Amino acid sequence: MIKHLSNSSLQNLLLFYNRIWHGHRFPSSWQQAIIIPIPKPGKDPSNPLNYRPIALTNCLCKLMEQMVNRRLVYYLEHNKILSPFQSGFRPGRCTIDNLLALETDIRTTFLKRQHLVAIFFDIGKAYDRTWRYGILQDLFNCNLRGNLPIFIQNFLRLRQFRVKVGYQLSDLFIQEEGVPQGSVLSVTLFALKINSIFKHLQPSIKSFLYVDDLYISCSGDNMAFIERQLQIAVNKLTQWSILNGFTFSTSKTSCVHFCRKRSLHPEPEIKLYGQVIHVVSEVKFLGIIFDKKLTFLPHVLQLWKKLDRALNILKVLSNTSWGASRLSLLRVYRAAILSKIDYGCTIYGSARQSVLQKLNTIHHSALRLCSGAFRTSPVESLYVESHEPSLEQTTQTSNAHPSLLF
């Protein structure tokens, strides 16, 4: 509706935004949000903690937030305020940056026949516990003055929300701390608040952050040295979290010891808030499962199960009497299946060929359903009929040019 407004209406809307910007006023209706609880799949629906809250805010407010957010992001990027190890919601950055950095460190460690221990942190309720006064203080320390910090101060003040279940609305609740969910501006403010976490780590520790997904790592020949360095880093991160109002979840924080040595060696023992961090054989980081031998077999097996369930969509739509056309089926295949194979293929594409072959069965079955070919049709003919290359060729192209998609 906003896109189809007349020029006079757009001029009035711009005057309204400028009045808010220069008059340091903020509409009270823009400070209210409606929370829609979405149940998490596979969790007990009777437990309120097993719901994902989706916040619906005013669209006119979102439009102005986008304008303010562009100015704020330009200032932060132009003055190089954000750390280069922070990749969350930044132009030209994505999750692949952090995944490639981790895989490169692990591969380098394997070539040197060393140990690499990585700790993957989970910040409990990161958005809800962000310190608002700390955000304003960080904006002041960035030499931001004038209308922009005043707008952000009014934007964070007196946030209220209702919970909607069906057609019923709850009473108004006041959100005293945290950045509002469903807001365009909240992501940048959270990234600015958590940006100072890198200043408290010693040079021997490597760290990367994507929004609230943080991992630190240390490599070397001596496991005692690695354990001591990581424990110092964890203690500094604990002090930082207390001063900034964040809390690391001890149950979801995990540690992985990447090593290909066959000799016996002790596992690291690192404590967080007095509790020993669990040492696991594999961890899911930004959608990719890293195992301690870096075979990517657990990731490919889990991906195969997801793709097999998504393949049922094509089986239903490819009915010969009322099914969709070949072009529609190929579009569904690229959106529902090929996009999942594409994500992270530059990472897990370095696995053994015998591991990657498991995904070819899904690829070939989907192409047969889309093209209506027989089961005995040669695989090469499927590629020609559907204008889709093999997964091996696509993986090689993506490894050479990570920006290219399927």
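A residue counts as buried when its relative accessible area is under 20%. In this predicted model, K193 sits at 2% relative accessibility, so this lysine is buried. Its salt-bridge partner is D138, with N and O 3.7 Å apart. D138 comes in at 18%, which also puts it in the buried class. The two side chains bring together distant parts of the chain, since D138 belongs to helix α4 (residues 132-141) and K193 to helix α6, 55 residues apart.

The D138–K193 pair is one of seven salt bridges that turn up in a search of the whole structure. Another joins R90 to E77, at an N to O distance of 2.8 Å. Here, too, distant parts of the chain are linked: R90 is in the loop between α2 and α3 (95-111), while E77 is in helix α2, 13 residues apart. The arginine, R90, is buried at 11% relative accessible area, whereas E77 is partly exposed at 26%. A further bridge runs between E385 and R326, whose closest N and O atoms are 3.2 Å apart. Because E385 is part of helix α13 (residues 379-386) and R326 part of helix α9, this bridge ties together parts of the chain 59 residues apart in sequence. Both ends are partly exposed, with E385 at 45% and R326 at 38%.

Helices α2 and α6, already met through E77 and K193, also pack against each other. The axes of α2 (residues 59-78) and α6 (residues 184-194) come within 8 Å and cross at roughly 30°. Angles under 35 degrees count as roughly parallel, so α2 is roughly parallel to α6. On the α2 side, the contact is made by K62, E65, Q66, V68, N69, L72, V73 and L76; on the α6 side, by V184, L185, T188, L189 and L192. Sorted by class, that gives eight nonpolar, three polar and two charged residues. As for the spacing along such helices, an α-helix has 3.6 residues a turn, so residues three or four places apart point the same way.

Helix α8 (residues 297-317) offers a quick check on geometry. At 1.5 Å a residue, its 21 residues should span 30 Å, and the end C-alpha atoms are 31 Å apart, so the two values agree. The buried residues of α8 are H299, V300, L303, L307, A310, L311 and L314. Among the elements covering them are the strand β14 (288-291) and the helices α9 (326-342), α10 (345-348), α11 (353-356) and α12 (358-371). Helix α9 thus appears twice, as part of this cover and as the home of R326.

Terms used
Residues are numbered from 1 along each chain as its sequence is written. This is a predicted model: local features need pLDDT of at least 70, side-chain atom pairs count only at pLDDT 80 or more; totals for chains, interfaces and linings use all residues. Side-chain values use heavy atoms; hydrogens and water are left out. Axes are lines fitted to C-alpha atoms, for helices over the stretch in contact, and angles run from 0 to 180 degrees between N-to-C directions. Helices (H or I, at least four residues) and strands (E, at least two) are DSSP runs, numbered from the N terminus. Angles under 35 degrees count as roughly parallel, over 145 as roughly antiparallel, 65 to 115 as roughly perpendicular and the rest as oblique. Contact means heavy atoms within 4.5 Å. Ala, Val, Leu, Ile, Met, Phe, Trp, Tyr, Cys and Pro count as nonpolar, Asp, Glu, Lys and Arg as charged, and the others, Gly among them, as polar. The expected span of a helix is 1.5 Å times one less than its number of residues. Buried means under 20% relative accessible area, exposed over 50%, partly exposed in between (1.4 Å probe, protein chains only). A salt bridge is a side-chain nitrogen of Lys or Arg within 4 Å of a carboxyl oxygen of Asp or Glu.
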